[in-house]
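Subject: Structure handover

Hello,

Here is the structure we spoke about, for you to take over. My notes on it follow below.

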Amino acid sequence: MNGQMMQQPLLISTLLTHAERHHGEQEIVSRRVEGDIHRTTYRELAARARRVANALAQRGVKFGDRVATLAWNGYRHMELYYGVSGAGAVLHTLNPRLHPDQVVWIADHAEDEILFFDLSFLPIVEAIASRVKTIKAFVVMTDRAHMPASSKVPNLLCYEELLTDVSDRFEWPRFDENSASSLCYTSGTTGDPKGVLYSHRSTVLHTYAAALPDALNCSARDSILPVVPMFHVNAWGLPYVGCAVGAKLVYPGPFLDGKSLYELFESEGVTMSAGVPTVWQGLLAHVESNDLSFSTMRRTVIGGSACPPAMMRAFQERHDVQVLHAWGMTEVSPLGTVCTLKPAQLALGSEEHLATQSKQGRAVFGVDLKIVDGDGNELPWDGKTSGELMVRGPWIVASYFKGAGGDPLVDGWFPTGDVAVIDADGFMQITDRAKDVIKSGGEWIGSIDLENIAMAHPAVSMAACIAAFHPKWDERPLLVVVKKSDFEVTREELLAFYDGKIAKWWTPDDVVFSDTIPLGATGKMLKHRLREQFKDHRLPTA
Ligand code: ADP
């Protein structure tokens with residue numbers, strides 16, 4: 001016997017129509033590429049998204065066609081999120097931080113039809129326009145007054161003109177909720193990038209889960225500033241969550257420095273934000289060196305790489321901003337776990353809170369986790385035994401776009417390539433990426449712990465721990481450190497800093513000071529580059 005409830009497909013357009021009807025006056029504020037602050041509402045967003053849908057139809061974009069963007073976080077990008085997917089086409093967010101050769105490769109692989117881009121990305125578009133095979137039109141996301149002249153880009157169109165020329169009346173089509181909605185490529189630090197093709201259903205389910213109190217805890221009372229880019233896993237889903245709950249959204253555009261972000265936090269009454277640790281370093285440095293405080297910020301989601309406990313302490317103890325440590329990946333839409341405490345942890349002291357919060361957290365409903373050994377056997381949740389993290393759920397990739405890389409699943413689970421432990425309360429902690437683990441005499445040393453300790457030293461601005469060759473142990477940890485400009489510290493002082501904080505044999509064998517640590521297109525440390533750079537490094541213990 002079937003239930004007798006309405007059949008309504010879970011479509012992205014329903015998020016927008018909900019926001020328009022129930023939160024029409026709620027604001028969306030953007031710092032534009034043009035430099036000014038722009039204000040709009042969900043009502044206006046919905047009308048302009050319908051114009052986008054009409055403009056796409058007028059240019060021959062059909063159901064399932066890929067429409068690419070190269071854009072910062074802003075209201076026009078959000079109009080495309082809804083206009084493109086709502087109409088049944090697939091929004092492909094290209095990452096402008098990639099090398100133009102990679103952008104060409106990815107756009108060709110995706111067979112993008114049209115590219116919408118922010119003014120500031122004109123140089124990239126000029127570099128790729130004559131090389132991409134399928135893009136027929138290039139649309140600058142600006143008005144006529146700001147349109148650039150470019151002899152290198154054929155068929156250069158103006159976004160505001162496209163929208164003015166069409167009606168704001170459009171009936172969002174109803175179709176199978178399993179239809180593709182958006183496409184995002186993994187950064188491909190090894191091998192070719194692979195496309196992850198989200199569906200309307202996976203996106204809407206992810207939206208429900210992301211908004212939950214023990215996940216990102218979003219509501220109509222929030223003013224949310226996503227620092228995480230809309231070109232990186234859909235800004236962790238926040239543009240969708242915004243519509244679902246009717247939160248105010250504040251978009252920073254290209255201005256991601258501490259000063260610009262802080263100004264927006266204060267002027268727009270931001271209560272919640274989200275981003276990778278490297279961004280927060282700039283913000284904290286600005287706030288602390290100018291003796292500022294946050295008047296409305298209550299919490300920030302930190303993920304993408306491990307959040308060093310020292311950063312958590314700074315936010316929570318000095319600024320009264322709660323840190324929500326989260327884990328996810330492109331293949332997971334991206335939300336997998338969020339670290340919110342249960343009563344058992346809350347009953348403990350603040351040091352224990354911090355110890356738990358430095359874990360990546362508990363699975364949100366919809367995601368199941370396990371850790372396995374090299375033979376695929378499930379390992380115990382004892383907080384000690386580490387193994388590869390496997391996940392499954394309705395917003396986790398089942399196969400890559402065009403079948404790239406073959407079937408990724410093992411017995412119905414997606415192997416994440418992360419190494420983790422899970423404790424008896426279900427808190428998962430990433431100890432490393434499988435390819436970054438340091439294998440010392442057959443035992444594994446997790447680099448994240450070693451980096452977190454180094455980051456707690458006042459003189460350290462960035463720290464990476466990598467495997468260096470050792471004739472007896474195969475690999476031993478080498479700590480690469482970027483010093484803060486106004487601090488001094490020696491190799492010996494840093495090594496002594498590990499005393500008592502970690503098993504003696506985990507202590508790095510050596511420290512090298514460097515001016516920079518290479519970061520990838522999504523702000524993560526490129527450890528394979530560091531390993532290459534230090535492949536001939538001779539450890540003093542060797
Ligand atoms: P890519 O895999 O293409 O670099 P993703 O953004 O999908 O890009 O990265 C996902 C990976 O980032 C995870 O597999 C994990 O290694 C790392 N990661 C994400 N969040 C965290 C976190 N909170 N702590 C540690 N590592 C994290």
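Please keep in mind that this is a predicted model. I begin with the ligand, then go through the strands and a helix, and end with single residues.

The ligand

The shell around the ligand holds 17 residues, and the closest of them are Ser187, Ala326, Thr330, Asp418 and Arg433. By type, the shell splits into four nonpolar, 10 polar and three charged residues. Strand E14 (residues 322-328) gives the largest share, with four residues.

Nitrogen atoms of the ligand have polar partners in the protein. In the side chain of Gln360, an N or O atom is 2.8 Å from a nitrogen atom of the ligand. For the side chain of His325, the distance from an N or O atom to a ligand nitrogen is 3.2 Å. Ala306 takes part through its backbone, where an N or O atom lies 3.2 Å from a nitrogen atom of the ligand. On its own the ligand has 560 Å² of accessible area, and the protein covers 93% of that.

The nine-stranded sheet

Nine strands form an open sheet with mixed pairing, in the order E2-E1-E11-E10-E12-E13-E14-E15-E16. Its edges are strand E2 (37-41) and strand E16 (362-363), each of which pairs on one side only. Inside that order, strand E12 (residues 272-275) and strand E13 (residues 299-302) run parallel and are joined by four bridges. One residue pair to look at is Ala274 with its bridge partner in E13, Val301.

After E14 the chain passes through a loop to strand E15 (335-338), and Pro334 lies in that loop. The peptide bond from Ser333 to Pro334 is cis, with omega near 10 degrees.

Strands E17 and E18

E17 and E18 run antiparallel, with five bridges between them. Val372 has Glu388 of E18 as its bridge partner. E17 is largely enclosed by the rest of the structure, because four of its five residues are buried.

The loop between strand E17 (368-372) and strand E18 (387-392) contains Asp382. This residue is partly exposed, at 33% relative accessibility. Apart from neighbours within four places in sequence, Asp382 is in contact with Ile422 and Asp423. Gly426 is 44 residues from Asp382 along the chain, and their C-alpha atoms are 9.3 Å apart.

Helix H4

In helix H4 (residues 100-110), the buried residues are Val103, Val104, Ile106, Ala107, Asp108, His109 and Ala110. Their cover includes strand E3 (66-70), strand E4 (90-93), strand E5 (112-117), helix H5 (122-128) and strand E8 (180-185). Just after H4 comes Glu111, which takes a positive phi of about 55 degrees.

The loops on either side of E10

Helix H7 (200-211) and strand E10 (223-226) are linked by a loop that holds Ala220. Asn217 lies in the loop between H7 and E10 as well. Asn217 is not a glycine, yet its phi is positive, at about 55 degrees. Its relative accessibility is 36%, so Asn217 counts as partly exposed. Ala220 is also partly exposed, at 34%. Beyond its neighbours within four places in sequence, Ala220 is in contact with His23, Gln26, Val245, Gly246 and Ala247. From Ala220 to Thr300 is 80 residues in sequence and 17 Å in space, C-alpha to C-alpha.

Between E10 and helix H8 (238-245) there is a loop in which Val233 lies. Val233 has a positive phi too, near 45 degrees, and is a residue other than glycine. With a relative accessible area of 1%, Val233 is buried.

Asp509

The last item is Asp509, in the loop between helix H15 (491-496) and strand E25 (510-513). Is Asp509 buried or exposed? Its relative accessible area is 10%, which means that Asp509 is buried, as the cut-off is under 20%. Its side chain makes a polar contact of 2.6 Å with the side chain of Thr541. Leaving out neighbours within four places in sequence, the residues in contact with Asp509 are His470, Arg476, Pro477, Arg491, Leu539, Pro540 and Thr541.

Regards

Notes: Residues numbered from 1 in each chain as written. Predicted model: local features only at pLDDT ≥ 70, side-chain atom pairs only at ≥ 80, totals over all residues. Heavy atoms only, no water. Helix = DSSP H or I, 4+ residues; strand = E, 2+ residues; numbered from the N terminus. Buried < 20%, exposed > 50% of the residue type's maximum accessible area, 1.4 Å probe, protein only. Polar contact = N/O pair within 3.5 Å; in protein donor to acceptor, adjacent residues only side chain to side chain. Contact = heavy atoms within 4.5 Å. Near = heavy atom within 4 Å. Areas by Shrake-Rupley, 256 points an atom, 1.4 Å probe, with all protein chains shown as cover. Nonpolar A, V, L, I, M, F, W, Y, C, P; charged D, E, K, R; others polar. Pairing = 2+ DSSP bridges.
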